[in-house]
Structure formats: C-alpha cells, structure tokens
Amino acid sequence: MLAEALLLQLGYNATLVTFGATALGVAAGATGAFLFLRKRSLVSDAVSHATLPGLALAFLIMVALGGEGRSLLGLMAGSALSAAAGLWCVSALSRHTRVPEDAAIGAVLSVFFGFGVVLLTVIQSVPLGRQAGLEGFLLGSTAGMLFADAVIIAVGGLAVLAAVLVLRRPLTVVAFDPGFGETQGLRVARIDAALMLLVMAVTVVGLKIVGLILIVAMLIIPAVTARFWTNQASSVVLLAGFFGGLAGYVGAATSAIAPDLPTGPIIVLTSFVLFALSMACAPERGVLAALLRHRRFERLVHLRQGLLAMAQGQHVYEARTRRLLRGQGFMRPDGVPTESGKGEAARVLRDEARWQVVRASAHLSELAVRDDGLTPTEDVLTADQIAEVDRRLGTPEAV
Amino acid sequence: MGAEFVALSLPPILIGTLAALACALPGNFLVLRRQSLVGDAISHVVLPGIVVAFLVTGQVSAWPMMLGAAAAAVVSVALIEGIRRLGRVDAGAAMGVTFTAMFAFGVLLLEQSDTSGVHLDVEHALYGNLESLIWLDAVGWSSLLDPAALSGLPHELERMAIVFVLTLAFVVVLWRPLVLSTFDEGYARSLGLPVATLGLGLVIVAAITAVAAFDAVGSIIVIAMFICPPAAARLMTNQLVHQVLWSLVFAAISAVLGYVLAGYGPLWIGLPNTVSAAGMIATVSGLILAICAVAGPQRRA
C-alpha cells in the first residue's frame, strides 16, 4: 500500500495532491532557506497563524453572498489578505514602536489566531457552518479533496516554485550580504518584501495540505537540515528545496493511504526525520563526524604524550596510551620501547625542544601561538627557520 | 442573574484572570530579554507530553499530565540547545524545528490513539475550555461564604491561584537580581549574580505557568498573555515597576472584558450563541496592545 502510494498509484486526486505537495515542499524549502539566512525564520510563524481570521471571514462573506462558502480559491484569497495584515502589524509594531520583533511576532500570532478562533465559533452558529470543515485548515487534510482543489494546489505549488526560481539571484545576494546587494543596485527592502510575499504564498497554498499551525515547519526544518551539509549559501537553498520536496512527497503520499491521519503532521515528521538523519550523519557538521574527530584528536594526544614519556625514560602506565603505542609498534607488550618507538620518541622530543627555542626566539616567538602540543614544527616553520632552530639546539641526542 | 452569574461565569472569569496575571508577570522579563517566543514554544511542545501521560495512565488527570508536560518541556530545551550548538544555527530556527516537530508528534499520537471517550483533542489544547469550568454547587453570592459549596469550586481555580502566588513570589523575591541580569548581564555577572541560573529559573517559572494555564485555558491565552500585556505596558512607562503593574492591569482587563464579551456580547447584538472566550481574551489583549502602540506615552523606540 505504501509502495503504491509512493509510486502515485492511488488515483488521480491523490497523485495531484502529492505532486502539489512536492512542488510546494521544494518552494517552501528554498524560500525558508532565504528566510533562515536572513535570520527571520519565525516571522513565518506569525504569517501562518494570521491566516485564520481571513479564512473564517472569507467563509462568512461567501455564505452571506449566498454561496456555499467552501470555494478554496475564495478561502485562499481571504487568508492571504489577513496574512498580509498580520505581516503589516509585525513590521509596524517592531519599526514604529519599541516593541521588539520577537514580541511583535508572538503578539500577532496569538491575537490573530485568537480572533480567528472567535470567528470559528461564530461560524459554528450560522447555517452551513458546521459542514464548513474549516478545522481541516488547522492541521491540514487531503482526505476527500475535490478535484478542482487538488488542481489549485498543484498549480499553486508550481507557481510558487517558479517565482522562487525567478527571484533566486537577488534573494541569494540579499540573504548572503545585504550591503553588497545594495552596491549592486538591488533594493534590499523590496527584495525582503518579495521574500515575505513568497512566504505568504507558501502559507496560503499549503493551508489545505499542511494546515496553518505546522506550515512554518516546511519553511524552517529543510533549511536547518541543509545547513548541516554545506557552508555555501546557494547550496543551502538547493538542498533545502530538495529536502522540502522529499518531505512533501513522502508525507503527502503516506497520508493518502491513511485517510484518518492529518497530512500536516506526517509531512512535518518526515521532514524532521530527514533533519535528524542529517544531524547524525552529515560529514563535518554531523554528530558522528564530530565524535570521530574527537576520537582522532584524543588518539593524537595520547600517542604524543606517551612518546614524550618514553623519550624521557619514564614508564607509561595509562592503559589507552599503552594500547595505542603497541598498536603503532612503538612499544613491546612488556612496556619496553621498540627501535621504531625510540626513533619516534626522539623525533617528538626534538620537536618539543624546537618549540621551546621558537618561544624564546626574538623573531620567531610570534609563531609560537601555533603550538597546540600536537602540531609538528615542520608544519609551521620553513626549512631555513628549522635549520636555524636546530643550530641553536645542537646535535640531536639519541634516546 | 446573580445565582447564574456566580455559578457559570464567576469561576471562569477568576480562572482566566489568574491565568492571565500569572503569565503576564514572567512575561515582562521575557519580553525585555527578547525571549517572547518561549511561551509559544512551550505551549506547542507540551502537547506530546500530555498525550503520552494520558496514554500511560489512561485517564485525564492533572498531575500525570503536568509531569508529562514538564518532561516534554525538558526534552525540548535539550533538543533546542543541541540543535543550536551542533548545527550552529540561530536560536529561532532551532526553536522552530523543535516545537513544530514535537507538536506534530503530539497531534499524530492523539489521532492514532483512542481518545474519543475523554476530553482530549487538539482543539481543546489550543482553545482550552474556559466555559466548562463551572461551579455547580453555587446558588448565589452567599455560596462564597459556604464552605461546603466552596469545596465544589473547579480545581483549576485552586491550581491557577497557587501558580499565580508562585510567580508573584519568584518575581518579588528575586526582583533585584532579575532586573539587573535583564538590563545589564555583564554588570550582574560582575556582581557575582548567577546569571545563567536566573535565566534558567525564569524559563522554568514560565514553563510551569504555561503548563498549568494550558490545561485550564488553552495555549492561545497563554501565548497572548505572556506577550501582549507586557508589550503594551512597555509602551506606557519607562519604569519597570510601573510596567509590571500596568501589565497586570492590562492582563486583568483582557481576561474579564474578554470573557464578558464572549459570553454576553453576542446576546447584546442579538446572536443566539456565545463565542470562544479564550479567543476573545486574546483579541482584547491585542486591542489593548494596538491602542498603546498608537497612543502609549512611551511608544517610540
């Protein structure tokens, strides 16, 4: 069943929705990456919660005009308008008063959402209201979706994706270095506004699939996931799009086989699994890589300290050091240094002595900051400088 | 009117007001410390804790749920810190990852388990159920003096009162260190104050308040009350003491006016049904903030 869902064999509507969720996921991931690079991820939380009153008002207006009130396009238009109002409130509060931006975000998201809840209870009391199914917009639901709605979502997802592609260059420049963007003739304020429009578009298209409470996850999680794999701004955007698309695809397809499960949480949890895997396994920044790096570092310290002890004729007691020295063939099982061990110990001792000279030297002492107890002098000094240091040290002595 | 008011409206108004006051108190410091969204994060992450507690004990009772919520809060703090350090991402993004994922997990658990027989669903978590906290033993204002009737008051009232006293004590006793570490962390540290512990203590107090209030009144009120009254009060005065007092006044007005508007407002304009009290309380607090943003004497940066 899951395989069928993933291969898009569960009917036309499910396929369309999965397609739309994938396109939306890519667009959301990329947009989120720009937001993340601008350190404004949480603004999207205010935008998404602010859609609720517009959604409810649109329903009430459509009913008042004699309609059924369930037209997805109408609901999307209403939610877009109130999201814009919420966004305007956030920027007005943080720009014209001394309320900090995070407080403005929290105030807008809770107040707009609260007002939306009031309107939802009003809707409960009007005719047609109980069948409105507006609660489905809180957590997303794709079950029993109309064909027309599926088409809207697929087209909407593609449109947002196209907009991201068109705007990707200026967005990257501004996300990476707004000052540079300004010198290139970009209007940073306008591009920020365009970014917020993209966020709104993602939110509005995603309302029906992911729901307004969790849509913010599609903007945030893929970008943070991508950050584990690369240090380059443009690759963060590409990778975030990829992870977002993957989560949208797997999440929407999975939820097609379990109609009683809300789609939003599944997409979010898929995204989180990708994130957790990345955090564990990514090269360089991942947890595993960091653990391995730490082990390697410990090994170097143990070996060097062991060799220094051997060079000074001391017995090595520490079990791990002994194991490492034996593993390298520097020490016999009874603790006596081997020939190669003696040679290596002499080399390490010589290195320590060289560092001492470097520290004491008038013109080389600046280089002594590179002495972390592990770096050989050969990595820091030129051959000439080493020769000079060795002249001062005299002939090497055997251990 | 009297008897009905005491039985049906007085307890929710009191509980709502106590919850609002208890949230607004630590909220003052959270807003000043740029940690406003802590309340938002906490009220999302406690959902899986509460659901797991329900699945383990099989019943909706206060203490296991509080424990579950506290455990979830601890897990989320660990996750946020871990993501922030290991991924070297900013705190906002780390918070965003954590609270959405944990909330999604909570929703999924809730939908997968059979909670149809009990009062536990996502809507309840979001809006709470202030209207249902009624006092059946009350026959009128005289019941306030009748010990037998008083024992029938909703337990949430008692719990919110305790939490409010706790936050009040926290803020009053640690006033000076809190103020110092909020405004000038470096100076506070040079005085030997345990700045990190104070910050953690504040978050813990906020979490306790959020969890206690969450169960009684839902997460919207919690988030709104952490932020709106303190932010509005900040626009009224430059004095922290006055700011805290203003925030308490605003919180109380929001709770009382919001409840009254939700419960009686629709009747006044001829609508048959009441509307969500939690939503209306949040709305009123937002209106107060809007008024202060337009007319507050200290609104400029």
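Colleague: How far apart do the C-alpha centres of domain 1 and domain 2 of chain A lie?

Modeller: In this predicted model, the C-alpha centres of domain 1 of chain A and domain 2 of chain A are 57 Å apart.

Colleague: And where are those two domains along chain A?

Modeller: The domain assignment places domain 1 of chain A at 2–257 and domain 2 of chain A at 288–393.

Colleague: What secondary structure does chain A have, helices or strands?

Modeller: Chain A contains 17 helices and zero strands. Its radius of gyration comes out at 31 Å, well over the 21 Å that the globule rule gives for 399 residues, so chain A is more spread out than a compact globule. Along the principal axes, the C-alpha trace of chain A spans about 100 × 55 × 35 Å.

Colleague: Switching to chain B, is that one compact or spread out?

Modeller: For chain B, with 301 residues, a compact globule would have a radius of gyration near 19 Å, and the computed 20 Å agrees with that. The box filled by the C-alpha atoms of chain B is roughly 60 × 50 × 40 Å, again taken along the principal axes.

Colleague: How many helices and strands there?

Modeller: Chain B has 13 helices and zero strands, so to speak of its element order is simply to write α-α-α-α-α-α-α-α-α-α-α-α-α from the N terminus on.

Colleague: OK, now the interface. How many residues does each chain bring to the contact?

Modeller: Chain B contributes 57 residues and chain A contributes 53 residues. The area buried between the two chains is about 4,500 Å², and carbon and sulfur atoms give 76% of that area. On the side of chain B, the residues that lose the most area to chain A are Leu37(B), Leu86(B) and Val97(B), which together account for 11% of what that side buries.

Colleague: What about salt bridges and polar contacts, how many of each?

Modeller: The count of salt bridges between chain B and chain A is zero, while the rule finds nine residue pairs in polar contact across the interface, with both residues of each pair at pLDDT 80 or more.

Colleague: Which elements of chain B give two or more residues to that side?

Modeller: The elements of chain B that do so are helix H2 (37–57), helix H3 (62–87), helix H4 (91–112), helix H5 (122–127), helix H11 (219–234) and helix H13 (277–295). The largest share comes from H4(B), which supplies 15 residues.

Colleague: And how does that side split by class?

Modeller: The side of chain B that touches chain A has 31 nonpolar, 17 polar and nine charged residues.

Note on methods. Residues are numbered from 1 along each chain as its sequence is written. Chains are lettered from A and ligands numbered from 1 in the order in which they are written. This is a predicted model: local features need pLDDT of at least 70, side-chain atom pairs count only at pLDDT 80 or more; totals for chains, interfaces and linings use all residues. Side-chain values use heavy atoms; hydrogens and water are left out. Contact means heavy atoms within 4.5 Å. Buried area is the accessible area (1.4 Å probe) that two parts lose on being put together, summed over both. A salt bridge is a side-chain nitrogen of Lys or Arg within 4 Å of a carboxyl oxygen of Asp or Glu. A polar contact is a pair of N or O atoms within 3.5 Å; within protein, one must be able to donate a hydrogen and the other to accept it, and residues adjacent in sequence count only if both atoms are side-chain atoms. Helices (H or I, at least four residues) and strands (E, at least two) are DSSP runs, numbered from the N terminus. Ala, Val, Leu, Ile, Met, Phe, Trp, Tyr, Cys and Pro count as nonpolar, Asp, Glu, Lys and Arg as charged, and the others, Gly among them, as polar. Domain bounds come from an automatic or database domain assignment. The radius of gyration is taken over C-alpha atoms; the globule rule is 2.2 Å times the number of residues to the power 0.38.
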